[in-house]
Amino acid sequence: MPAPRYHHGNLRRALLDEAIRTIQTYGVERLTMRTLGGRLGVSRSALYRHFADKQALLAAVGCEGFSMLRQAIADAWEQNGRGVIGFQAMGKAYVQFAVAHPSHYRVMFGGFIESSAQDERFIAEAKAAFQALVDALVDQRNTGMIRGDDPVLTARYVWALVHGISMLVIDGQLREKGQGEELEQYALERLCASIAAPS
């Protein structure tokens, strides 16, 4: 179904929303500024007042994604009482974010954004999302709940696990009903056991 032609309001937001829809339907490779302009019914000059090129647009999508991801996992940690339960909730929130926002997620981690397009805000948001995970690990280490390993290395280990599950789910590799949730629960339980402090 064609997108409604753009008439007024926030063109920058409209461009981001249409880019996200296009990525979800056709993939990042099929996204072009010309197509977006045509679908929204706006001139190329209007587009370029907001985004210099496709790379700048992708950087904005990725930046928004990292901001939402950071908020989701930080909320999960705080709202579930921190500790082991809060940490598992962070893992679930991470996968849920990827499933709910696959276009953002593919842009964030798909290697589509060239280093020259990664502006300061994009880099800051990416680091902040990762730092939320590191901070939760440091908190648990300081209270003696997990091993005294390097929290940054541990965070990369955790990230690798939840990222792998997220990609399997959004790529449709876990098709049977409940398969994704079962793997997620098992993996998070085994993860927490593997980093727990020796009793």
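Which residues do ring pairs link into a cluster? In this predicted model, the cluster is made up of Phe66, Tyr94, Tyr105, Phe109, Phe122, Phe130 and Trp159. Before turning to those rings, it helps to look at the fold as a whole.

The protein has nine helices and zero strands, and reading along the sequence gives the pattern α-α-α-α-α-α-α-α-α. Along the principal axes, the C-alpha atoms fill a box of roughly 65 × 40 × 30 Å. Of the 199 residues in the protein, 41% are buried. Among contacts with a separation of 6 or more, 70% are between residues 24 or more positions apart.

The aromatic rings offer a good way into the interior. Six aromatic pairs are found in the structure. In one of them, Phe66 and Phe109 meet edge-to-face, with 5.4 Å from centre to centre and 85 degrees between the planes. Phe66 belongs to helix α4 (residues 54–79) and Phe109 to helix α6 (residues 102–109), so this pair ties together parts that are 43 residues apart in sequence. The two partners sit in contrasting surroundings: Phe66 has a relative accessibility of 6% and therefore counts as buried, the limit being under 20%, whereas Phe109 is partly exposed, with a relative accessible area of 26%. Phe130 and Trp159 form another edge-to-face pair, at 6.2 Å centre to centre and 65 degrees between the planes. Here Phe130 lies in helix α7 and Trp159 in helix α8 (residues 151–170), so the pair ties together parts that are 29 residues apart in sequence. Phe130 is partly exposed, its relative accessible area being 23%, and Trp159 is also partly exposed, with a value of 32%.

The pair formed by Phe130 and Trp159 leads directly to the packing of the helices that carry these rings. Two packed helices are described by the angle between their axes and the distance between the axes. For α7 and α8, the axes come within 9 Å and cross at roughly 120 degrees. That angle makes α7 oblique to α8, and the crossing in which α7 passes α8 is right-handed. On the α7 side, the contact involves Phe130, Leu133, Val134, Leu137, Val138 and Arg141. These residues meet Pro151, Val152, Thr154, Ala155, Arg156, Val158 and Trp159 of α8. Both rings of the aromatic pair, Phe130 and Trp159, are thus listed in this helix contact.

A further packed pair is formed by α5 and helix α9 (residues 179–195), which pack at an angle of about 140 degrees with their axes 10 Å apart. This arrangement makes α5 oblique to α9, and α5 passes α9 in a right-handed crossing. From α5, the contact draws on Val84, Phe87, Gln88, Gly91, Lys92 and Val95. The residues contributed by α9 are Glu184, Gln185, Leu188, Glu189, Leu191, Cys192 and Ile195.

Phe87 also appears in another setting, the nonpolar interior. The largest nonpolar core holds 54 residues, and within this core Leu57 and Phe87 touch the most other members. Its largest share, 11 residues, comes from α4. Setting aside residues up to four places away in sequence, Leu57 touches Leu15, Leu16, Ala19, Leu31, Met33, Leu36 and Phe51.

Not every buried position is nonpolar in character, and Gln140 is a case to look up in the structure. This glutamine is placed in helix α7 (residues 120–142). Is Gln140 buried or exposed? With a relative accessibility of 2%, Gln140 counts as buried. Beyond its neighbours within four places in sequence, Gln140 is in contact with Trp77, Gly83, Val84, Phe87, Met145 and Ile146. Two of these partners, Val84 and Phe87, are also among the α5 residues that make the contact with α9.

A backbone detail completes the picture. Arg82 has a phi near 55 degrees, a positive value in a residue other than glycine. Arg82 is partly exposed, with a relative accessible area of 35%.

How values were computed
Residues are numbered from 1 along each chain as its sequence is written. This is a predicted model: local features need pLDDT of at least 70, side-chain atom pairs count only at pLDDT 80 or more; totals for chains, interfaces and linings use all residues. Side-chain values use heavy atoms; hydrogens and water are left out. Helices (H or I, at least four residues) and strands (E, at least two) are DSSP runs, numbered from the N terminus. Buried means under 20% relative accessible area, exposed over 50%, partly exposed in between (1.4 Å probe, protein chains only). Contact means heavy atoms within 4.5 Å. Rings of Phe, Tyr and Trp (its six-membered ring) pair if their centres lie within 6.5 Å; planes under 30 degrees apart count as stacked, over 60 as edge-to-face and the rest as tilted. A nonpolar core is a set of buried Ala, Val, Leu, Ile, Met, Phe, Trp, Tyr and Cys residues joined through side-chain atoms within 4.5 Å. Axes are lines fitted to C-alpha atoms, for helices over the stretch in contact, and angles run from 0 to 180 degrees between N-to-C directions. Angles under 35 degrees count as roughly parallel, over 145 as roughly antiparallel, 65 to 115 as roughly perpendicular and the rest as oblique. A crossing is left-handed if the near helix is turned anticlockwise from the far one by less than a right angle, and right-handed if clockwise.
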